[in-house]
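Colleague: I'm new to this model and would like a close look at one pocket. Please start there, then carry on to whatever connects with it.

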Amino acid sequence: MMKICIVAGARPNFFKIAPLLRAAKETDVEMSLVYTGKDDDPTLEHGLFEELAIKHPDAYLGVDSNNLNEITAQVMFRFDQYLHTHPTDTVIVVDDLASTMAVAIVTKKQGITLAHLSAGTRSFNINMPKEVNRIVIDGLSDILFTAGMSNNSIANREGAALSKVYMVGNLLTDNIRADRLRYVRPAWLDELAVEDGNYLVLTLNRRVLLEDKETLSALIHRLAATAARTPIIAPLQPEAMAVLKQLPAMPNLHLVAPLGYLTFGYLAEHAKGIITDSDNVAEEATFRNVPCITLNTYAEHIETVTVGSNLLVGTDAEALAQAVTQLLEGNWKTAHIPDRWDGRSAERILQILTAPHNTPAATN
């Protein structure tokens with residue numbers, strides 16, 4: 001039996017690995033789940049794993065630090081110990097965290113096959129710590145699973161052999177395809193007298209934007225003024241909530257506590273449009289064909305812009321206002337779902353991993 005270990009380094013990772021864990025139940029693959037954080041991590045809300053229909057992590061490395069170098073060192077030490085006591089054929093890592101890079105390094109030092117989910121993403125800003133992580137992880141990986149052709153091109157241009165790069169689509173679409181009938185409408189939408197399809201969703205997570213109070217204030221004021229007759233629902237994590245609560249009250253801006261997976265899914269599914277700084281949210285909006293405005297200058301998967309419903313406005317308040325006006329007037333671009341964003345990415349990944357040339361007998 002093939003033994004695969006999937007490692008998650010933060011809450012968003014679980015959404016991308018959930019489809020793999022569910023799909024593995026239909027195979028003879030033994031799949032373990034490791035979380036680099038603590039078992040009482042407050043960012044992992046109660047019920048998260050049940051809502052995703054996946055098991056709780058089999059092991060917690062217990063790393064808890066805000067220093068990237070310390071995180072890297074601790075994860076390397078503790079994951080090395082884990083692998084010494086848990087025989088593994090393949091380790092799967094996702095995205096671009098410091099903990100992800102640390103796991104990748106340890107995996108290769110132990111001679112274990114390394115696979116990277118969401119490979120080939122680049123900001124082309126080497127001063128970003130995550131950009132360094134991406135380059136290192138992709139360079140070490142034996143198998144690169146990408147979401148689109150643009151990511152394939154980047155990986156190939158940097159020297160990855162064609163034989164190790166697989167365009168499998170976007171795993172986030174697997175969740176929507178599997179779970180949209182399970183979504184739960186928030187009761188407070190009725191209390192606010194907000195109807196489906198008649199509100200905007202705002203999410204904020206990027207630290208660099210939250211720390212730039214002047215720019216953020218200009219963006220939020222311009223957004224609220226432009227959409228004066230439209231409710232804006234903003235489910236925010238504590239850090240973002242604290243920042244926005246410092247701003248003067250705006251009648252159509254409703255700040256709400258963080259939502260669970262199924263509740264946020266409903267909110268995003270039935271929104272008139274979404275304003276976000278999250279690539280994941282923008283990718284999901286593309287699959288849902290919901291207009292999306294991203295407060296960033298680049299997209300990890302450019303297909304959301306070139307094919308999908310996403311538009312980049314950076315942190316330009318005027319550009320944001322123009323985009324919101326177009327959205328509210330129903331003058332949005334025609335969008336399509338990118339190639340292989342069909343909700344079957346996990347199936348493709350498992351087929352590749354369990355193919356004869358990737359089995360333990362063939363690689364050892």
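Modeller: Let's settle the word first: a pocket is an open set of grid points with protein on both sides within 12 Å along at least five of seven lines. Bear in mind that this is a predicted model. The second largest pocket holds about 160 Å³ of space. Its lining is made up of Pro-19, Arg-22, Ala-23, Glu-26, Asp-174, Arg-177, Ala-178, Gly-343, Arg-344, Ala-346 and Glu-347. Three elements give two or more residues each to that lining: α1, α7 (171-179) and α16 (345-353). Sort the lining residues by character and you get six charged, four nonpolar and one polar.

Now follow α1 away from the pocket. Phe-14 pairs with Tyr-35, with the ring centres 5.4 Å apart and the planes at 50°, which makes the pair tilted. Phe-14 sits in helix α1 (residues 11-24) and Tyr-35 in strand β2 (residues 30-35), so their contact ties together parts 21 residues apart in sequence. Are these two rings buried or exposed? Phe-14 counts as buried because its relative accessibility is 0%, and Tyr-35, at 2%, counts as buried too. They also have company: Phe-14, Tyr-35, Phe-49 and Tyr-60 make up one aromatic cluster. A search of the whole structure turns up six aromatic pairs. Another of them is Phe-79 with Tyr-82, a stacked pair with 5.9 Å between centres and 10° between planes. Both of those residues belong to helix α3 (residues 68-85), three residues apart, or about one turn of the helix. Phe-79 and Tyr-82 are both buried as well.

Back to α7, the second helix on our list. Leu-171 is among the residues closest to the centre of the largest cavity, along with Ser-118, Ala-147, Gly-169 and Asn-170, out of 13 that line it. That cavity contains about 80 Å³ of space, and the structure has one cavity of 30 Å³ or more. Its lining splits into six nonpolar, five polar and two charged residues.

From the loop between α7 and α8 (188-191), Arg-180 makes a salt bridge with Glu-269, with the closest N and O atoms 2.8 Å apart. Glu-269 is in helix α12 (residues 261-269), and this pair links parts of the chain 89 residues apart. Glu-269 is partly exposed at 22% relative accessibility, and Arg-180 is partly exposed at 32%.

How many salt bridges are there in the structure? There are 20. One of them joins Arg-134 to Asp-96, again with 2.8 Å between the closest N and O atoms. Arg-134 is in helix α5 (residues 129-140) and Asp-96 in the loop between β4 (90-94) and α4 (98-109), so parts 38 residues apart in sequence are tied together. Both partners are buried, and they belong to a network of salt bridges with Glu-131 and Glu-300. Another salt bridge joins Asp-142 and Lys-108, at 2.8 Å from N to O. Asp-142 lies in the loop between α5 and β6 (143-146) and Lys-108 in helix α4, so this pair ties together parts 34 residues apart. Here Asp-142 is partly exposed at 30% relative accessibility, as is Lys-108 at 28%.

Note on methods:
Residues numbered from 1 in each chain as written. Predicted model: local features only at pLDDT ≥ 70, side-chain atom pairs only at ≥ 80, totals over all residues. Heavy atoms only, no water. Phe/Tyr/Trp six-rings, centres within 6.5 Å; stacked < 30°, edge-to-face > 60°. Helix = DSSP H or I, 4+ residues; strand = E, 2+ residues; numbered from the N terminus. Buried < 20%, exposed > 50% of the residue type's maximum accessible area, 1.4 Å probe, protein only. 1 Å grid on protein atoms, 1.4 Å probe; cavity = no way out; pocket = protein on both sides within 12 Å on 5 of 7 lines; lining within 4 Å. Points joined across faces, edges and corners; volume = space filled by probe spheres on them. Nonpolar A, V, L, I, M, F, W, Y, C, P; charged D, E, K, R; others polar. Salt bridge = Lys/Arg side-chain N within 4 Å of Asp/Glu carboxyl O.
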